[in-house]
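This report looks at how the chains of one assembly meet and at how far the coordinates can be trusted. Please keep the sequence and the structure at hand while reading.

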Amino acid sequence: MSEVALDLRGISKRFGSVDALDDVSFSARRGSIHALLGENGAGKTTLMRIAFGMLQRDSGSIAVNGIAMDPRSPADAIAAGVGMVHQQFSLVPQMTVAENVALGGRGRFRPDIVARRIADVGRRTGLTIDPLRRVMDLGSAERQKLEIIRILAHDADILILDEPTAVLTSQDTSELFTQLRAFAAGGGCIVLITHKLHDALAHADEVTVLRRGRHVLNAVMSDVDRNSLTSAMLGSAPPVTSRTPGATPIRREVVATFNGATSGKHDQEPFSFELLAGEVLGVAALDSGAATVLRMLAQRIRPAAGSISVPSHIGFVPENRADEALVPTFSLTENFALKAAGSRKGVVDWPAMRAGATSVIQDFDVIAAGADVPASSLSGGNQQRFVLGRELHDDPPLLVLENPTQGLDVNAAASVHARVRDAAARGTAIVFYSSDLDELVEISDRVMVISSSGAKFSPPERESIGRLLLEAGA
Amino acid sequence: MSMLEPFLEGTVRTATPLAFAALGETVAERSGVINIGLEGAIIAGAFGGFMAAGTGSVWLGFLGAGLAGTAISALFGLFAIRIRADQIITGTAISLLALGITATLYRQIYGSEGAALSIPTMGVTEVPVLSSIPIVGRALFAQPPVAYLLYALVPAVWWWMYRTNAGLGLRAIGEDPRAAIAAGIPAARFQYLAVLFGGFLGGIAGGVLVIAQAGSFAEGMSAGRGFIAIAIVVLGRWHPLGAAVAALVFGAASALQYLFQAMGWALPYQAFLALPYVLTLLGLAGIAGRSAAPANLGRWQDQH
Amino acid sequence: MKPVPELILVADMLVRATPLILAGLAVALAFRGGVFNIGAEGQLLAGAAASTAVTLALSNLPGPLVVLAAAMAGAAAGALWAAIAAELKRRFHVLEIISTIMLNFVAIHLVSYLVRGPLQEPTRIYPQTETFALAARLPVVLPGTRLHLGFVAAVLIALTLAWVMRNTAWGFRVKAIGSSPRTAWSAGAIDVERSSFMVFVLSGALAGLAGSIEVSGVTFALYENLSPGHGYTAIAVALIAALNPAAVIASGIFFGALETGATAMQREFAIPSSLASVAEAALILAVLSVAAYRGRSLPGLPRKAAT
């Protein structure tokens, strides 16, 4: 039981100017569950997508079951017996379970034969599902199960799961691991990508930890404990740049109130909070629950129940820059004019818009060849500074940010943080959603953790936020 | 019964070319490609069929019709699939192109007045026994043989689409190309083949007009049937059997005039001509909300 | 003094260009706003029919008043014809590509009915309406030619629309929803559904006006086959102009010249005039290739989203 199933050596990968992976090695054995642990953005998914042929490495080598290979596409990897379940499901929702399992095959499609193969997988692993149901009618636990069944039906013996428990209840999770254990016991190899310490501790045989694209730890589970894994994931505590409470004079006036507002769709329990001038409210959440709350605050989604009182002027930085914040083909001047375009009347004062865009470019250190270049010509960090500058241009009393430093390098992220702090110092109330705990600790005055049971508040301390998130996930 | 028979025969007659075109377009659209150039495939098929049938063989005529429709659709595919130009505009241009080319060639070859040349036409072949079924017998089984081809083709396309892995792959591309590609399906190649198949059947539809019905070619004789076929695909809810039924319903709406005449009801004949389009619009509004349109129809998501 | 033949020819080209410019503006506006209005042909016919009805009904009023009323009726009818498709899209999510094409056919049969029914000329022989009184026609601006005031109006409307698109908040909203409906909603808080309905209806009004000016300035009567496919040529006109209203003037004149030339070539050299539509189609395809080369699915619209 010590045969190496998946072996990656010296893998490096750059995206633009960002080092996603730097000389990472990883090896997982047959018959075991191997946790690939790390925080969001540590490079776990990138590494496994390279093994699965979805991404191409810049350097390094890959071997499957002892045979060196060079997967150029998922088809190569599948042929070698590697299967991957992605965080976003890769099922065709309009089709049935059997059709999804058969997808990619040749010859006749015989629903009865596919159903028999699904039943076979069920006998081997205990994973069962009705082959005639449509995927869109399945819950997320069943979809997760179907993804795994589909891979096993294609005779994979290496199974990569990307954050499989993110969408599962605790009961579904324990059922999943029972089944994964059975698969491993039969000689299969499972790679479990996760950022949840608990999953690794409770279910894995071995663990590899990545931090910021680097390989930091490789161990048998019996040799590590919660503390050693935590410090491996987080590294030495980041230098304390965070503000001591009270360092910024917070004016105690209420800028906005959120009163049990819900959108009427897959909501959490209603909850309420107030936003004070000059405070930075960090928001943490495990799933997409935070997005609805933020967009209701930003007046982009109308609440179905409850109420929200916000100032008329709100800055909003949506998560997806290229899709939601900027029109890539528009010039910076035009993108500046987008703000409040829905309520503007009469003639657009283009000279004023150009002046506004120019002042954003200057004040927010946006590197651009003037206000007339298209937004697509800017780097990600400059785009984000431009969006932030646009939204802060008229000193809104409230600014809502969704993961504003996602995909930015360290310097660009630091400059976004500095701008946000400046705005807070001038009295803007800031709602700052981030999927990065360190960032929340660094930037927030207090942190709101949103889960299906509502919202809980924490001081900007890692331990306490982490505990609330763990409770939320349980 | 004498009142119903002209109505039913008119229904099947109108429905036959539309069913061919709609069946092919159903396959194309299930792969996520909407080919507005179908009108062009039909007129190209009509002209190609006219030329080829001039050799004396009606079946060669249909082959020529199918190939002409395929050729014009290959051009559509080159733009809409290969370089991912906008499908709607490409299709509109292809229709315009085919209408222009066929008119130009026709005038060049046969003179600008286009002497009404007649070609060998496909006569009616009665199916023994079946054609003597009361009421519907003659309408369904006293037809030019090409119509009987359709009776086999509709279930065959259904079988291919729902009972082969290739058909499964085709439908997956139309719904979610990313998932399909992740499963190893060559999406662009499938789409191209689907468009070529749609073009071939569109060409056959044109051939039916010329060889089995009119007996000669006329400029613009497709008369919007390509667009109607696209609406029929929607009304048939992107299903091969649905397309056949919807084509019959459309044919029936068009043939209502025979029934009304027989009843002695007077309505302006333009009302009958417009009725199928109005019914199509009402039908489209009626099935909305429960629409079965392929999720990726008409657009293309670039890969990561 | 009689104008030289060349002047007459140029005037003919501009006359032919007039409906192409107006319908081209209709298509350019719609496409720019993300609305695939393929129904300019039907909207043009609806406009022509309404204008004719109003002109004939108001024949007792002073000429300029009649022409103005006819133009307004034409624009309103085009808008209404487009509103059917716009409402079907808004309420039932019916693809406007299909609904507008269906409405084109309905409009053709409607015109056919009108000119053989309620609007047929008094002798009831010809399938057309009575010819407009001289006073109810658009005045000729270049004596000795057919060039009428409608051309001047089309140019002015194109320039106005270009100004509106460039300078007004409304024009900017249209560009935003056409370029990225998600960003328009998310960053600009624009009511995308409402804005695109407005674009659709206004596009129909422009096409309706094209039909109105065609009957008041050229045909002076309504009959079948009034439009040799102006509404479809308009798509080429708009695309060649990269959906820019001011450039639509030039591309409209270009296509007007092309079609006039094709008619003349057929007359003089027996070269089939249908070559013009081949040339139009080839031009559209050429424009699509260039656009695709720059990573766009349509000229004037943004790059294909790389999601």
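Where in chain A does pLDDT stay under 50? In this predicted model, the stretch is residues 237-247 of chain A, for which there are seven contacts beyond four places in sequence. Where pLDDT is low, the predicted coordinates should not be read in detail. For chain A as a whole, the average pLDDT is 85, and 91% of the residues score at least 70.

Chain B touches both chain A and chain C, and the two contacts are described in turn. In the contact between chain B and chain A, 16 residues come from chain B and 17 residues from chain A. On the side of chain B that touches chain A, the elements giving two or more residues are helix 7 (165-175) and helix 8 (177-182) of chain B, and helix 7 of chain B provides the largest share, six residues.

In the contact with chain C, 41 residues of chain B meet 41 residues of chain C. Here helix 4 (87-110), helix 10 (225-235) and helix 12 (269-287) of chain B each supply at least two residues of the side that touches chain C, with the largest share, 14 residues, coming from helix 4 of chain B.

The residue classes on the two sides of chain B are set out below.

| Side of chain B | Nonpolar | Polar | Charged |
|---|---|---|---|
| Touching chain A | eight residues | five residues | three residues |
| Touching chain C | 25 residues | 12 residues | four residues |

Notes:
Residues numbered from 1 in each chain as written. Chains lettered and ligands numbered in written order. Predicted model: local features only at pLDDT ≥ 70, side-chain atom pairs only at ≥ 80, totals over all residues. Helix = DSSP H or I, 4+ residues; strand = E, 2+ residues; numbered from the N terminus. Nonpolar A, V, L, I, M, F, W, Y, C, P; charged D, E, K, R; others polar. pLDDT = per-residue confidence, 0-100.
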